[in-house]
Each structure stands twice: as structure tokens, then as C-alpha cells.
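Subject: A structure for you to look at

Dear colleague,

I am passing on a structure that I would like you to look through at your own pace. Please open it beside this message and keep both in view as you read.

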Amino acid sequence: MISSSIFLGMPGYGSIILIVVVVLLLFGGKKIPELMRGLGSGIKEFKDASKEDDNSSTADKKE
């Protein structure tokens, strides 16, 4: 039971630092802003698509 809570718990500061270091080593400092920009635009498109889906489903219910 204790071992499952270790894997399912929130990451600590040491884990977060380790993840950041690994990402920096894999992608480099110049590539990270491009990755974050792409991630942000993907999230924005997903939100816009979900809003359009919600608007179309409420319009269908009104008819």
C-alpha cells in the first residue's frame, strides 16, 4: 500500500528538478520555447473546438 502511494503521489521538488534537467538535456534551451508555443496553440485550438461543439449542441437542442 505504501509503495503505490509513492508512485501515485504528487512529485516533489527533487523530481521536478530532475524532469526539468532531462528535458533541457533532450531538447536544449533553444528548442523549448518552440515546444511550449506549439503546446499552447494546441491547447487553444482544443478549447476553441470544444466551445464550438458546445455551441452547436445547444443550438441543436433549441430547434
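Below I set out what was found, beginning with confidence and then turning to the surface.

Please keep in mind that this is a predicted model, and that the mean pLDDT of the protein chain is 79, with 76% of its residues reaching 70 or more. Confidence is highest in helix H2 (residues 13-27), where the mean is 87, and lowest in helix H1 (residues 2-8), where the mean is 56. Where pLDDT is low, the predicted coordinates should not be read in detail.

On the surface there is a nonpolar patch of about 920 Å², which is made by Leu18, Ile19, Val22, Val23, Leu26, Phe27, Leu35, Met36, Leu39 and Ile43. The elements that contribute two or more residues to this patch are H2 and H3, and the largest share, six residues, comes from H2. One of the patch residues is Leu35, which is found in helix H3; Leu35 counts as partly exposed because its relative accessible area is 34%, a value that lies between the cut-offs of 20% for buried and 50% for exposed.

There is also a negative surface patch, formed by Glu45, Asp48, Glu52, Asp53 and Asp54. Within that group, Glu45 belongs to helix H3 (residues 32-62), and Glu45 counts as exposed because its relative accessibility is 57%, where exposed means over 50%.

With best wishes

Terms used:
Residues numbered from 1 in each chain as written. Predicted model: local features only at pLDDT ≥ 70, side-chain atom pairs only at ≥ 80, totals over all residues. Heavy atoms only, no water. Patch = residues over 30% accessible without salt bridge, like charges linked within 9 Å, V, L, I, M, F, W, Y side chains within 5 Å. Areas by Shrake-Rupley, 256 points an atom, 1.4 Å probe, with all protein chains shown as cover. Salt bridge = Lys/Arg side-chain N within 4 Å of Asp/Glu carboxyl O. Lys, Arg positive; Asp, Glu negative; His and termini not counted. Charge placed at Lys NZ, Arg CZ, Asp CG, Glu CD. Helix = DSSP H or I, 4+ residues; strand = E, 2+ residues; numbered from the N terminus. Buried < 20%, exposed > 50% of the residue type's maximum accessible area, 1.4 Å probe, protein only. pLDDT = per-residue confidence, 0-100.
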